[in-house]
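Work through the exercises below with the sequence and the 3D structure in view. Try each task before reading its solution.

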Amino acid sequence: LKLGILASGSGSNFEVIAQAIQNQQLNAQVQVLIYNNPKAQAAARAEKYGIPSILLNHRSCKSREELDAKIVKSFQEYDVEWIMMAGWMRIVTQVLLDAFPDKIVNIHPSLLPSFPGIRAVEQALKAGVKITGCTVHIARLEVDSGPILMQAAVPILPDDTAETLHARIQVQEHKIMVGAIALIADRPTDKNVP
Ligand code: GRF
């Protein structure tokens with residue numbers, strides 16, 4: 001499974017993918033990392049694993065479509081089959097979705113369809129739910145929607161802050177991210193989409 005990764009920030013999800021591949025837990029390969037934020041720590045993680053990385057700064061694009069067209073070009077050059085949005089903080093457009101139909105995966109820090117969009121962890125705290133979690137799903141045009149591949153639940157503790165809760169959610173994110181890729185690697189066809 002030839003993966004292309006999109007990341008905007010720390011890149012911890014990207015690193016668990018790279019690590020799982022290195023440990024031969026996944027029958028996959030990361031072809032390239034694309035990041036949009038010059039300060040993204042994900043770039044340093046790519047270097048550590050000898051994975052090529054490309055900075056495509058959205059600020060130098062006139063539209064979301066222009067950024068996505070550049071992403072498509074780069075991923076095609078690197079022979080990417082599946083895209084993992086591992087903390088990708090940009091809204092995807094039809095340009096990207098059409099180039100990789102049903103082959104773009106997103107991770108989100110809530111039990112979707114609850115709390116889509118930004119600040120999902122804060123949203124869950126504010127709503128007073130007792131259980132939240134994380135979701136890996138196939139991306140669709142509507143933000144944080146699409147067929148769900150895997151989820152994990154995380155209880156909210158009385159003293160939780162957004163930081164402590166997000167830290168526990170991330171432990172679970174790392175498991176389901178790798179789990180979902182294993183699922184896809186076993187059946188790399190449209191059969192993953194319910
Ligand atoms: C994760 O919580 C993910 O669910 C959200 O952004 C965060 C990225 O974390 N979309 P990292 O960059 O992988 O550490």
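**Exercise 1.** How do the residues of the shell around the ligand divide into nonpolar, polar and charged?

*Solution.* This is a predicted model, in which local features need pLDDT of at least 70 and side-chain atom pairs count only at pLDDT 80 or more, while totals for chains, interfaces and linings use all residues. Residues are numbered from 1 along each chain as its sequence is written, and side-chain values use heavy atoms, with hydrogens and water left out.

Step 1: list the shell, taking a residue as near if one of its heavy atoms lies within 4 Å of the ligand. The residues are Ser-10, Gly-11, Ser-12, Asn-13, Gly-87, Ile-107, His-108, Pro-109, His-166, Gln-170 and Glu-173.

Step 2: sort them by class. Ala, Val, Leu, Ile, Met, Phe, Trp, Tyr, Cys and Pro count as nonpolar, Asp, Glu, Lys and Arg as charged, and the others, Gly among them, as polar. The result is two nonpolar, eight polar and one charged.

**Exercise 2.** Find polar contacts of the ligand and state how much of its area is covered.

*Solution.* Step 1: look for pairs of N or O atoms within 3.5 Å. A ligand oxygen lies 2.7 Å from a backbone N or O atom of Gly-11. At Ser-10, a side-chain N or O atom is 3.1 Å from an oxygen atom of the ligand.

Step 2: turn to the area (Shrake-Rupley method, 1.4 Å probe). On its own the ligand has 360 Å² of accessible area, and the protein covers 88% of that.

**Exercise 3.** Which element gives the largest share of the shell around the ligand?

*Solution.* Step 1: name the candidates; helices (H or I, at least four residues) and strands (E, at least two) are DSSP runs, numbered from the N terminus. Two or more shell residues come from each of helix H1 (12-22), strand E5 (104-108) and helix H6 (162-186).

Step 2: pick the largest share. H6 gives it, with three residues.

**Exercise 4.** Locate the cis peptide bond and a residue with positive phi in the loop between E5 and H5.

*Solution.* Step 1: recall the usual case. Most residues other than glycine have a negative phi, and most peptide bonds are trans.

Step 2: check omega. The bond from Leu-112 to Pro-113 is cis, with omega near 15 degrees, and Pro-113 lies in the loop between E5 and H5.

Step 3: check phi. Phe-115 is a residue other than glycine with a positive phi, near 55 degrees, and its place is in the loop between E5 and H5.

Key
Near = heavy atom within 4 Å. Polar contact = N/O pair within 3.5 Å; in protein donor to acceptor, adjacent residues only side chain to side chain.
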